[in-house]
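Please work through the exercises below with the sequence and the 3D view side by side, and try each task before you read its solution.

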Amino acid sequence: MNPTPNSLCSSGHRPGRRRFVLQLMPLLPALAAAPLLRPLAARAATTGSEAQFSPWIQEAERVLRGRSSAAVMKMHIQRSDYQRSYDLMVMSDDRAEPGKVLIRMLGPALWRGNATLKVGDRISFYDPRSRRITVMGNSMLADNWMGSHFSNDDLMRETDLSRHYSYELLQRHRDRDELGRRVELLQLLLRPKPAAPVAWGKVHYQLQLLEGSADPVVLPLQVDYFRRPEDEKAQRSLRYSQLKPLDGRVLPSRLTMQALDKPGEFTQIDYARLKFDSDFSADDFSERALR
């Protein structure tokens with residue numbers, strides 16, 4: 001089946017650019033194991049407030065990106081009628097406006113060289129078979145990326161949960177994470193702000209705050225997405241798991257997006273390498289770099 005620009009791009013050629021290969025080289029050494037994370041603001045009061053939750057959600061959403069980063073990961077798609085796996089290279093740079101993201105497919109051979117680029121609000125697809133670049137319209141943000149259960153919006157981060165939604169604390173209690181560490185578990189209800197350009201009527205967001213430090217470490221645990229505000233059942237659920245050292249920080253290395261209305265269907269992303277504070281140039285996120 002020939003792929004189309006609407007599902008990212010088509011099959012491809014090897015991304016034979018020496019500069020791109022050099023970007024991969026820092027990701028190859030073994031990862032450090034020191035469990036450090038960038039500190040946050042002081043702990044909120046027991047009840048909390050919207051102003052206090054916003055930086056926590058922002059931190060949780062950026063925990064695997066940082067200010068700039070490069071990552072190698074595997075995506076596995078499980079659907080009722082097919083299975084598919086991709087190897088991906090993801091680069092992001094939020095050090096200055098506009099924010100930039102580049103997703104390049106490393107394999108399998110049929111898809112190698114396909115790429116998605118986001119610079120500010122402009123999102124482009126590159127198809128190495130036709131050597132064409134297609135600019136994505138806003139109507140394509142909700143489309144599934146390459147047949148996965150992640151949307152273009154999920155991977156390109158066009159929707160900002162910390163900015164487009166308001167927050168309400170639903171539950172707060174102490175627990176332990178999968179490594180047995182003491183954490184404070186927060187469950188928040190997110191409602192879209194008036195006129196916010198979002199696809200979900202409400203979102204349930206679970207955060208983990210690692211205890212034992214004046215500057216708590218915040219990690220995402222689970223995000224449930226509801227199509228309409230009145231819905232009682234979520235349409236899909238994103239779970240963060242498999243905590244392990246990634247570039248000196250203990251982070252969730254697995255993201256699993258489940259389609260709750262389609263039992264047994266999911267897309268799983270596993271991080272193999274992650275390097276923070278990558279020193280990118282503007283040329284690394286140009287349409288010329290797609291080729």
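The exercises that follow concern a predicted model, and each one is followed by a worked solution.

**Exercise 1. The chain as a whole**

Describe the secondary structure of the chain, and state what percentage of its residues is buried.

*Solution.* Begin with the secondary structure, which comes to five helices and 13 strands. Next, turn to burial: of the 291 residues in the chain, 51% are buried. Then look at the contacts between residues with a separation of 6 or more, where 56% join residues that are 24 or more positions apart. Finally, consider the surface, where the chain exposes about 14,200 Å², with carbon and sulfur atoms supplying 50% of that area.

**Exercise 2. Strand β13 and its partners**

Find which strands are joined to β13 by bridges, and decide how they run relative to it.

*Solution.* Take β1 as the starting point: it is joined to β13, residues 266-276, by 10 bridges, and the two strands run antiparallel. To see one of these pairings, locate H76, whose bridge partner in β13 is Q268. Now move to β12, residues 249-259, which is also antiparallel to β13 and is joined to it by five bridges. Here L255 can serve as the example, since its bridge partner in β13 is I269. The last step is the connection: β12 and β13 form a hairpin with six residues between them, and in the turn G264 has a positive phi of about 90°.

**Exercise 3. The surroundings of Q78**

Is Q78 buried or exposed, and which residues does it contact beyond its neighbours within four places in sequence?

*Solution.* First place the residue: Q78 is found in strand β1, which covers residues 68-78. Its relative accessibility is 18%, and because the cut-off for a buried residue is under 20%, Q78 counts as buried. With the neighbours within four places in sequence left aside, Q78 is in contact with Q83, H149, G264, E265 and F266. One of these contacts, G264, is the residue with positive phi in the turn between β12 and β13.

**Exercise 4. The nonpolar cores**

Identify which members of the largest nonpolar core touch the most other members, and then examine the contacts of Y271.

*Solution.* The largest nonpolar core has 57 residues, and those touching the most other members are M75, Y86, W145, L190, L207 and Y271. For Y271, leave aside the neighbours within four places in sequence; the contacts are then L64, A71, V72, M73, K244, L246, S253 and L255. There is also a second, separate core of 11 residues, which includes L102, L117, Y126 and L290.

**Exercise 5. Backbone details in the loops**

Locate the cis peptide bonds that precede P98 and P108, and compare the burial of R131 and M146.

*Solution.* Start with the bond from E97 to P98, which is cis with omega near -5°; P98 is found in the loop between β2 and β3. The bond from G107 to P108 is likewise cis, with omega near 0°, and P108 belongs to the loop between β3 and β4.

Now turn to phi. R131, a residue other than glycine, has a positive phi near 60° and lies in the loop between β5 and β6. M146 is not a glycine either, yet its phi is positive at about 50°, and its place is in the loop between β6 and α3. As for burial, R131 counts as exposed at 59% relative accessibility, whereas M146 is buried, with a relative accessible area of 1%.

Notes. Residues are numbered from 1 along each chain as its sequence is written. This is a predicted model: local features need pLDDT of at least 70, side-chain atom pairs count only at pLDDT 80 or more; totals for chains, interfaces and linings use all residues. Side-chain values use heavy atoms; hydrogens and water are left out. Helices (H or I, at least four residues) and strands (E, at least two) are DSSP runs, numbered from the N terminus. Buried means under 20% relative accessible area, exposed over 50%, partly exposed in between (1.4 Å probe, protein chains only). Contact means heavy atoms within 4.5 Å. Accessible areas come from the Shrake-Rupley method with a 1.4 Å probe; for residues, only the protein chains shown count as cover. Two strands pair if DSSP finds at least two bridges between them. A nonpolar core is a set of buried Ala, Val, Leu, Ile, Met, Phe, Trp, Tyr and Cys residues joined through side-chain atoms within 4.5 Å.
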